[in-house]
Amino acid sequence: MSQNPEISDDVLAKQKAIDDWLPITASRKAKWWYSAFHNLTAMVGAGVLSLPYAMSHMGWGPGIVVLIMSWVITLYTLWQMVEMHEMIPGKRLDRYHELGQEAFGEKMGLWIVVPQQVVVEVGTCIVYMVTGGKSLKKVHDTLCTDCKDIKTSYWIIIFASVNFVLAQCPNFNSISFISLAAAAMSLTYSTIAWGASIHKGVTPNVSYTTKSTSTSDAVFNFFSALGDVAFAYAGHNVVLEIQATMPSTPENPSKKPMWKGVVAAYIGVAFCYFPVALIGYYMFGNSVEDNILISLERPAWLIAAANLFVVVHVIGGYQIFAMPVFDMMETYMVKTLKFTPSFGLRLISRTIYVALTMLIGICIPFFGSLLGFLGGFAFAPTSYYLPCIIWLKLKKPRRFSLSWIVNWACIVIGVTLMIVSPIGAMRNIILSAKNYKFFS
């Protein structure tokens with residue numbers, strides 16, 4: 001019996017050594033503003049540029065309502081996650097699936113959260129590969145109109161080469177510099193998008209009627225646009241992982257600096273989203289392209305610069321969404337497969353991951369439409385209603401109390417989104433499937 005404490009000390013020491021090596025729990029020295037720009041980078045996707053197009057399918061009234069409601073609901077569910085991070089005294093739920101396990105049990109929690117989280121994070125990484133490659137291509141084509149055309153595939157490889165290097169950054173705090181640059185870029189290209197729209201002025205004969213040939217067409221387009229807006233707010237998959245990097249003491253829990261950062265990030269999000277969506281739609285009406293930078297062909301240098309900023313932002317976004325995946329891979333390899341934590345292990349596993357996302361991006365360039373489809377099944381739950389279900393399960397608010405009603409309302413809205421947005425996306429895939437080419 002006397003040996004047990006020593007064994008457990010030894011085991012604990014090993015456990016601590018592993019935790020100090022894993023990307024999420026390695027460093028708990030983050031400042032509140034790290035949370036601000038990590039969240040801003042995760043939240044503002046290049047999807048902001050397609051918001052005017054989504055508006056053109058919804059019209060003024062519904063469009064504005066959906067934009068504001070998505071902002072409010074996701075801010076609320078984000079607050080819930082920040083609150084739940086340390087709701088069990090003496091324990092920190094550092095990962096989304098740990099929160100799931102707390103609510104639904106060891107096995108069930110994993111099965112509910114991990115597949116959705118993986119779809120969102122890996123899917124986002126692949127979309128960012130394609131977006132990065134396409135934006136680089138746009139920079140090249142805008143500045144050099146007479147040059148020989150270079151296939152998008154090669155641009156994706158060029159973009160990936162940066163990520164091969166950056167993927168070796170061990171944890172969240174080590175990418176905070178990249179993330180800061182990315183957050184600054186997202187504010188910059190959003191400002192260019194709406195600033196250049198104002199400069200260009202309202203299009204002659206502008207029309208705000210929804211462009212659709214039939215009622216069914218209008219309904220499907222509306223569903224699809226709903227999905228686009230809903231997934232513009234999808235940073236929840238990395239929020240606990242970001243909070244895990246915050247220091248925490250009983251008198252000063254991690255939720256204080258984290259929440260401060262989240263509020264700052266959300267103000268940034270509003271500053272990116274609302275002007276772009278509303279000004280872009282106001283200036284171009286229903287003739288707006290699905291990427292507003294395409295509608296603004298001139299001045300060439302500004303559009304090239306905006307695309308370059310998109311590239312920098314997408315590099316940061318890729319790293320933020322890849323980090324929890326690296327954490328899952330490394331946890332599995334070290335704890336289950338009993339590999340020794342080492343630089344070599346990290347180098348090989350992360351390089352393989354970046355290579356795979358790159359290859360899928362090259363093979364399936366229409367992955368963006370696919371994400372609308374997959375996203376409906378994974379983004380809506382993880383951002384809109386899974387936090388509410390966990391909240392009801394763990395906090396057990398009184399029936400028909402305000403908290404209970406608000407949570408159920410969010411769950412109903414989230415489930416509706418999960419049902420209708422894949423329908424819209426699936427139809428878009430079917431309609432444009434005839435133009436798809438693999439390896440284009």
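Reader: Leaving aside neighbours within four places in sequence, which residues is Ala234 in contact with?
Author: This is a predicted model. In it, Ala234 contacts Ala42, Met43, Phe321, Phe379 and Ser383, once neighbours within four places in sequence are set aside.

Reader: Where is Ala234 placed?
Author: Ala234 sits in the loop between helix H9, residues 215-230, and helix H10, residues 239-243.

Reader: Is Ala234 buried or exposed?
Author: Ala234 has 6% relative accessibility, so it counts as buried.

Reader: And how far apart are Ala234 and Ala196 in space?
Author: They are 27 Å apart, C-alpha to C-alpha, with their positions 38 residues apart in sequence.

Reader: Back to H9. At what angle do H3 and H9 cross?
Author: Roughly 145°, and the axes of H3 (residues 51-58) and H9 come within 8 Å. The crossing is left-handed. On the H3 side the contact is made by Leu51, Ala54, His57 and Met58. On the H9 side it is made by Asn221, Phe222, Ala225, Leu226, Asp228 and Val229.

Reader: Now H13 and H14. How do they pack?
Author: H13 (residues 300-336) and H14 (residues 343-363) pack at an angle of about 130°, with their axes 11 Å apart. That angle makes H13 oblique to H14. The contact is made by residues of both helices, including Tyr318, Phe326 and Met333 of H13 and Leu345, Arg350 and Tyr353 of H14.

Reader: Left-handed or right-handed crossing there?
Author: H13 and H14 cross in a right-handed sense.

Reader: Tyr318 is in that contact. Is Tyr318 buried or exposed?
Author: Tyr318, which is in H13, has 0% relative accessibility and so counts as buried.

Reader: What does Tyr318 touch, not counting residues up to four places away in sequence?
Author: Tyr318 touches Cys125, Tyr128, Met129, Asn163, Tyr353, Val354 and Thr357. Of these, Tyr353, Val354 and Thr357 are also listed for H14 in its contact with H13.

Reader: How far is Tyr318 from Pro422 in space?
Author: The two are 24 Å apart, C-alpha to C-alpha, and 104 residues apart in sequence.

Reader: What about the loop between H13 and H14, where Lys338 lies? What is the phi of Lys338?
Author: Lys338 has a positive phi of about 60°, although it is not a glycine. Its relative accessible area is 65%, so Lys338 is exposed.

Reader: And Phe400, what is its phi?
Author: The phi of Phe400 is near 65°, a positive value in a residue other than glycine. Phe400 is in the loop between helix H15 (367-395) and helix H16 (402-432). With a relative accessible area of 56%, Phe400 is exposed.

Reader: Which residue just after H11 takes a positive phi?
Author: Gly285, at about 60°.

Reader: How many residues does H11 have, and what does it span?
Author: H11 covers residues 255-284, which is 30 residues. From first C-alpha to last, H11 reaches 42 Å, close to the 44 Å expected at 1.5 Å a residue.

Reader: Cysteines next. How many disulfides?
Author: The count comes to one disulfide. It joins Cys144 to Cys147, with an S to S distance of 1.4 Å.

Reader: Which hand does the disulfide of Cys144 and Cys147 have?
Author: The torsion about the S-S bond of Cys144 and Cys147 is about 50°, so the disulfide is right-handed.

Reader: How accessible are Cys144 and Cys147?
Author: Cys144 is at 25% relative accessibility and counts as partly exposed. Cys147 is at 33% and also counts as partly exposed. Cys272, by contrast, is at 0% and counts as buried.

Reader: Why is there no bond from Cys363 to Cys125?
Author: Because the sulfur of Cys363 is 16 Å from the one in Cys125, which is the closest cysteine sulfur, and that is too far for a bond. The cut-off for a disulfide is 2.5 Å between the sulfur atoms.

Reader: Last one, Leu180. Where is it found?
Author: Leu180 is in helix H8, residues 176-200. Leu180 counts as partly exposed, at 40% relative accessibility. Leu180 and Leu40 are 9.0 Å apart in space, C-alpha to C-alpha, though 140 residues apart in sequence.

Technical notes:
Residues are numbered from 1 along each chain as its sequence is written. This is a predicted model: local features need pLDDT of at least 70, side-chain atom pairs count only at pLDDT 80 or more; totals for chains, interfaces and linings use all residues. Side-chain values use heavy atoms; hydrogens and water are left out. Helices (H or I, at least four residues) and strands (E, at least two) are DSSP runs, numbered from the N terminus. The expected span of a helix is 1.5 Å times one less than its number of residues. Buried means under 20% relative accessible area, exposed over 50%, partly exposed in between (1.4 Å probe, protein chains only). Axes are lines fitted to C-alpha atoms, for helices over the stretch in contact, and angles run from 0 to 180 degrees between N-to-C directions. Angles under 35 degrees count as roughly parallel, over 145 as roughly antiparallel, 65 to 115 as roughly perpendicular and the rest as oblique. A crossing is left-handed if the near helix is turned anticlockwise from the far one by less than a right angle, and right-handed if clockwise. Contact means heavy atoms within 4.5 Å.
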